[in-house]
Amino acid sequence: MAQATPEIKQRVQELRQLLQKASYAYYALDNPIMEDAVYDQLYRELQELETQYPELVTAQSPTQRVGEKPASNFSSVRHNIPLYSLENAFNMEEFAKWQERLLLRTTLREGQRHAPKIEKFEYVCELKIDGNALALTYENGVLVRGVTRGDGVTGEEITQNVRTIRSIPLQLNIEKAPAVVEVRGEAFLPLEVFEQINQEREAGGEQLFANPRNAAAGTLRQLDPKIVARRRLDFFPYTLHIPGKNDAEVARTQFEALELLQSFGFRVNPNRKLCASLEEVGEYYDYWDIERRNLPYMTDGVVVKINSFALQEELGFTQKFPRWAIALKYPAEEAPTVVKNISINVGRTGALTPLAEMQPVQLAGTTVQRATLHNSDRIAQLDIRIGDTVIVRKAGEIIPEVVRVLPELRPESAQPFQMPTHCPVCGQPVVRQKGEAVTRCINASCLAILKGALTHWTSRNALDINGLGEKIVQQLVDKKIVHSVAELYDLTAEQLASMERMGKKIAEKLVNAIAHSKTQPWARVLYGLGIRHVGSTYAQTLTQAFPTVEQLKNASPAKIEGVHGIGPEIAQSVYQWFQVPANQALIERLREAGLQLAAEVKPNNDPKSQPFSGKTFVITGTLPTLKRDEAKDLIEKAGGKVTNSVSAKTDYLVVGEDAGSKLEKAQSLGINQLDEAQLLEILED
């Protein structure tokens with residue numbers, strides 16, 4: 001193979017610089033410097049040279065955006081800096097109260113230092129893009145990692161896919177790049193692209209994406225980056241962090257940071273604004289409430305940040321949010337439509353939920369055809385009838401709900417609706433207990449209840465049986481193969497292989513997954529039983545207090561209620577569940593199948609039973625269910641040491657509500673933080 005001459009190497013370098021400069025002008029400055037045809041010609045020339053001389057190919061070459069093979073999976077990555085969520089305000093009155101709290105906080109702090117009182121803040125307003133947050137890492141100016149937000153602490157590395165987004169530079173436009181640059185921003189699908197994708201999917205007989213946000217999320221998690229590239233995701237950055245550099249060396253304000261990001265080669269959203277007062281924020285918010293409908297992408301509000309980085313650092317963070325930023329959301333979109341029918345859904349607890357089936361309507365970027373009517377009281381309150389024209393909105397931008405009926409448009413043929421007296425699935429009488437708004441089927445053999453119970457049992461937070469989804473559950477119940485969760489453990493690969501779309505290998509994997517679920521701890525089993533009011537957190541609390549199923553089964557309501565964090569409603573629900581003979585028989589069947597019905601107890605002299613051996617903890621704030629002494633006792637039994645003050649020797653800070661200065665000090669020292677659920681999970685594992 002011929003070696004590249006110095007002239008060829010120089011030409012390759014020139015082509016890369018030209019293409020990078022053109023991309024920067026196009027995506028960051030929105031000011032193209034060359035025709036598309038010229039760009040394509042230069043791109044092809046570079047591609048041909050790299051094909052002829054593969055030793056010249058580098059990861060940051062424009063030709064390598066879609067060069068990787070499909071990934072087999074995504075690995076989890078812990079964020080260097082947590083991606084906090086934002087506190088929400090839904091109108092300017094709520095925003096004004098948020099500002100008052102901040103002014104009071106800075107007044108108290110400034111007073112302690114005898115510094116001038118802050119009268120108002122300078123803000124940066126940015127449109128809140130309805131997409132998916134990404135964390136990008138550049139080393140010496142080269143993109144090396146792209147990670148999804150995940151839970152804010154840990155995300156999935158999707159670098160191959162991130163590299164396909166043309167508005168994300170593969171190499172920063174800076175001569176002497178810092179060692180590390182962290183950029184946060186939002187990946188999204190432009191509306192025009194979203195519509196084209198759905199048109200293609202419709203033509204191919206594929207299921208349509210519900211909205212651009214879901215389409216973007218699904219695209220980012222594609223294993224094949226070539227598919228990602230075809231869908232033309234876009235990106236706006238909104239946060240810049242350069243470790244080891246103080247703000248004065250880089251940018252002192254958020255507005256300066258956005259300008260710097262643009263100079264680095266990013267396309268920063270041009271619709272940002274520096275606001276000197278609450279009134280200016282209000283003007284920006286009102287303006288975009290109307291104009292956002294003309295944008296080429298979805299936005300559901302305004303993100304308002306205090307401009308000064310020094311003030312941001314002073315204000316710090318709560319356990320969930322930065323104190324110096326807030327999402328000023330727009331009211332949920334509303335739209336009129338017609339109710340074609342009212343149907344009933346039966347859930348796993350037997351609850352009958354009425355659903356309005358409507359003419360399809362576009363709402364907050366999605367097509368809505370069904371909306372919950374909650375219960376018979378809500379139906380009576382709305383006076384809703386089949387044939388009515390109603391106003392629908394999305395509660396919290398997620399759940400469609402009927403807001404009101406327009407009786408002036410009611411046709412003469414409109415039919416009143418009555419809740420059924422018998423379950424629409426099993427035909428047995430339904431009941432509505434005194435003091436409850438919900439009507440229920442109480443037939444334990446009802447197929448709807450069984451399907452719901454099985455789906456809940458296999459869910460991620462319960463027994464986590466991978467591959468056993470709703471469609472398989474439906475077949476198992478409809479074909480009368482399974483009549484309870486215990487019977488899942490009697491299934492054979494031969495039985496499963498005979499089902500629709502279930503080959504021998506998949507059936508064997510599913511049997512292994514069911515068998516593996518027997519190792520799940522007692523707390524997950526208790527949650528999986530689906531006892532009313534017992535979520536995963538309460539299941540953890542109860543199994544801490546009652547380490548075996550016998551202890552919980554034999555406990556009185558008073559004893560259960562005596563557990564910290566457990567109220568009378570939960571206590572009565574748990575007690576009554578264990579009094580039912582069929583439930584007692586279920587527990588015995590699960591015991592015979594080998595499920596974990598007791599917490600594993602290891603002697604303290606076994607090093608494996610002391611996961612916190614040699615670790616120092618500090619507890620701050622109010623924990624959701626544990627008293628501080630209880631948490632301390634658990635940590636010490638696991639080999640850890642609990643102290644009162646945070647220092648460089650502290651390994652973990654256990655954080656509850658209303659955490660104070662200890663949290664701020666721990667953040668400044670980079671100390672690991674745990675909430676109560678994470679603490680209990682480590683102890684349980």
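This briefing covers the domain layout, one glutamine and the cysteines of the structure above. The model is a predicted one, and the chain is divided by its domain assignment into domain 1 (6–56), domain 2 (123–329), domain 3 (334–431), domain 4 (447–518), domain 5 (522–593) and domain 6 (616–684). By the distance rule applied to cysteine sulfur atoms, the count of disulfides comes to zero.

**Domain spacing**

- Between the C-alpha centres of domain 3 and domain 5 there is a separation of 34 Å.
- Gln-359 and Gln-579, which stand 220 residues apart in sequence, are 46 Å apart in space when taken from C-alpha to C-alpha.

**Surroundings of Gln-359**

- Gln-359 belongs to strand E13, which spans residues 351–363, and Gln-359 is partly exposed, having a relative accessible area of 40%.
- Once the neighbours within four places in sequence are set aside, the residues in contact with Gln-359 are Thr-337, Val-338, Lys-340 and Val-368.

**Cysteines without a disulfide**

- Cys-423 is buried, with a relative accessible area of 3%, and the closest cysteine sulfur to that of Cys-423 is in Cys-426, at 3.7 Å, which is too far for a bond.
- Cys-441 is likewise buried, with a relative accessible area of 3%, and its closest cysteine sulfur is also in Cys-426, at 3.7 Å.
- Because a disulfide requires sulfur atoms within 2.5 Å, the 3.7 Å between the sulfur of Cys-441 and that of Cys-426 is too far for a bond.

Methods: Residues numbered from 1 in each chain as written. Predicted model: local features only at pLDDT ≥ 70, side-chain atom pairs only at ≥ 80, totals over all residues. Heavy atoms only, no water. Helix = DSSP H or I, 4+ residues; strand = E, 2+ residues; numbered from the N terminus. Buried < 20%, exposed > 50% of the residue type's maximum accessible area, 1.4 Å probe, protein only. Contact = heavy atoms within 4.5 Å. Domains from an automatic or database assignment.
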